[in-house]
Amino acid sequence: MIAEPWDLGEGGYQVGNFPPLWSEWNGRYRDTVRDFWRGEPATLPEFRLTTDRFLDLYAGDMRRPVASINFVTAHDGFTLRDLVSYNIKRNQANGEGGADGEDHNRSWNCGVEATPTIARSTN
């Protein structure tokens, strides 16, 4: 079973706190890789630790490395293309007024902001 650690109840985001036999999406890994990718200087030591991230999050309760699902993008945030195309979220056309998803996506447009594409009906 795979859990999203921000669904764990009171206290919000709690990666590493699900019981054994659960695997968890590791948002710390996601954020560290995104920051490293866009050149945030303070992330180098944290990026080095991502290879050992399993030990400090899961090894205490005898969980195996598969307990950490390391990812960079997911269903509820920027796609990989968006991460390198936009500095800010641009999903106003989704019917939720841009209120969904994280506002701090740790994205970088590599110097040129992309033009948002809008899905068109083929009917």
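Colleague: How is W37 classed, buried, partly exposed or exposed?

Modeller: W37 has a relative accessible area of 42% and is therefore partly exposed, the class between buried (under 20%) and exposed (over 50%), computed with a 1.4 Å probe and protein chains only. This is a predicted model, in which local features need pLDDT of at least 70 and side-chain atom pairs count only at pLDDT 80 or more, while totals for chains, interfaces and linings use all residues. Residues are numbered from 1 along each chain as its sequence is written, and side-chain values use heavy atoms, with hydrogens and water left out.

Colleague: Which residues form a nonpolar patch on the surface with W37?

Modeller: A patch joins residues with over 30% relative accessible area and no salt bridge, nonpolar side chains (Val, Leu, Ile, Met, Phe, Trp, Tyr) being linked within 5 Å and like charges within 9 Å; a salt bridge is a side-chain nitrogen of Lys or Arg within 4 Å of a carboxyl oxygen of Asp or Glu. Here L80 and V84 join W37, with about 260 Å² of accessible area together, by the Shrake-Rupley method.

Colleague: In what order do the strands form the sheet?

Modeller: Strands are DSSP runs of E of at least two residues, and helices are runs of H or I of at least four; two strands pair if DSSP finds at least two bridges between them. The open sheet has the order β1-β2-β3 with parallel pairing, and because β1 (2-3) and β3 (68-70) each have a single partner strand, one side of each is left without a neighbour in the sheet. Strand β2 (residues 23-26) pairs with β3 over 3 bridges, and N26 has N70 as its bridge partner in β3.

Terms used: Accessible areas come from the Shrake-Rupley method with a 1.4 Å probe; for residues, only the protein chains shown count as cover.
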